[in-house]
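This report looks at surface features and charged side-chain pairs, taking each in turn. Please keep the structure open while reading.

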Amino acid sequence: LLFDNINQKGFEGDTFLEGFAEFIRNLMVSKDAKAAVLLDVAEDFKEKYLKTARQVNAGWMIAALNILSEANIGYKQSRNKKLFVEMTLIKLCYLQQAIEIAGGQEGLTKKKLMDDAKPVSFRR
């Protein structure tokens, strides 16, 4: 819904993806207070970036930048650009879950969603 609102205000998907990637990049740079000099933002934003960067996992930021980088490349080739951006956002929404599964000590376990799952029958 937020992306749809942004899109309706006239911002194209590629502008959105590039801006989001720049935001995550700025967070990544802010992980190290010494590297914060590389931020090209207003001075009052630097403190916000530093504070937020402490709360975000570096592994998530690296994976998010990877997804956004691939999306920036793939956007130009996409026929349905809005759907492409929405799929990128879905990947980002489930990214933390994927990181937790990949980093789990117990290995992957399949969750049982329903106790009495029944096959769907079709009429002929």
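In this predicted model, Leu83, Met87, Ile90 and Tyr94 together make a nonpolar surface patch of about 400 Å². Leu83, one of the residues in this patch, lies in helix α5, which spans residues 81–93, and Leu83 is partly exposed, with a relative accessible area of 41%. That value fits the rule for patches, because their members need over 30% relative accessible area and no salt bridge.

Helix α5 also takes part in the charged contacts, of which the structure holds two that count as salt bridges. In one of them, the side chain of Lys82 meets that of Asp4 at 2.7 Å, taken from N to O. Since Lys82 belongs to helix α5 and Asp4 to helix α1 (residues 2–8), the pair ties together parts that are 78 residues apart in sequence.

The other pairing joins Glu43 and Lys46, whose closest N and O atoms are 3.9 Å apart, a distance that is counted because the cut-off for a salt bridge is 4 Å. Glu43 and Lys46 are three residues apart in helix α3 (residues 43–53), and are therefore separated by about one helical turn.

The accessibility of the four charged partners is listed below.

| Residue | Relative accessible area | Class |
|---|---|---|
| Lys82 | 34% | partly exposed |
| Asp4 | 25% | partly exposed |
| Glu43 | 60% | exposed |
| Lys46 | 18% | buried |

Within the helix α3 pair, Glu43 is thus exposed at 60%, whereas Lys46 is buried at 18%, because the class of buried residues is set at under 20% and that of exposed residues at over 50%.

Terms used:
Residues are numbered from 1 along each chain as its sequence is written. This is a predicted model: local features need pLDDT of at least 70, side-chain atom pairs count only at pLDDT 80 or more; totals for chains, interfaces and linings use all residues. Side-chain values use heavy atoms; hydrogens and water are left out. Patches are made of residues with over 30% relative accessible area and no salt bridge: like charges are joined within 9 Å, nonpolar side chains (Val, Leu, Ile, Met, Phe, Trp, Tyr) within 5 Å. Accessible areas come from the Shrake-Rupley method with a 1.4 Å probe; for residues, only the protein chains shown count as cover. Helices (H or I, at least four residues) and strands (E, at least two) are DSSP runs, numbered from the N terminus. Buried means under 20% relative accessible area, exposed over 50%, partly exposed in between (1.4 Å probe, protein chains only).
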